[in-house]
Amino acid sequence: MEFFNNPVNKDEQLQKIIDDTHEIIRNFREISEIMVDKVQSSHGLMYNLGKKVVNRQNNDTDSGSNLGRNQVNLI
């Protein structure tokens, strides 16, 4: 390996560690923002789906298709 032949410069190593740490933090922040956006959009989608199921069940006038209280109508 080339590292064994080169003298160790501690200042350069520390600066590299600091730069890498800043990059990791920046990447973590970006990934966290993406995850928050995905969770928020999925909550909105589930809320809208729930509203559609409730509205469909309320609008269903055919007594044969009305389900009992503990059943869910699959769309």
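Q: What percentage of the 75 residues of the protein chain counts as buried?

A: Burial is judged by relative accessible area, with buried meaning under 20%. In this predicted model, 0% of the 75 residues in the protein chain count as buried. The chain exposes about 7500 Å², and carbon and sulfur atoms supply 57% of that area.

Q: How many helices and strands does the protein chain have?

A: The protein chain has one helix and zero strands. The helix, H1, covers residues 10-59.

Q: What span should the 50 residues of helix H1 have, and how far apart are its end C-alpha atoms?

A: The idea is to compare an expected span with the model. At 1.5 Å a residue, the 50 residues of H1 should span 74 Å. The end C-alpha atoms lie 73 Å apart, which agrees.

Q: Which side chain reaches a backbone nitrogen at the start of H1?

A: That is Asn-9: one of its side-chain oxygens comes to within 3.1 Å of the backbone nitrogen of Asp-11.

Q: Which side chains meet in a salt bridge, and where are they in the helix?

A: A salt bridge pairs a side-chain nitrogen of Lys or Arg with a carboxyl oxygen of Asp or Glu within 4 Å. The structure holds one. It joins Lys-16 and Asp-20, at 3.1 Å from N to O. The two residues are about one helical turn apart, because they sit four residues apart in H1.

Q: Are Lys-16 and Asp-20 buried, partly exposed or exposed?

A: Partly exposed means between the 20% and 50% limits. Lys-16 is partly exposed, at 49% relative accessible area. Asp-20 is also partly exposed, at 30%.

Conventions: Residues numbered from 1 in each chain as written. Predicted model: local features only at pLDDT ≥ 70, side-chain atom pairs only at ≥ 80, totals over all residues. Heavy atoms only, no water. Expected span 1.5 Å × (residues − 1). Polar contact = N/O pair within 3.5 Å; in protein donor to acceptor, adjacent residues only side chain to side chain. Buried < 20%, exposed > 50% of the residue type's maximum accessible area, 1.4 Å probe, protein only. Areas by Shrake-Rupley, 256 points an atom, 1.4 Å probe, with all protein chains shown as cover.
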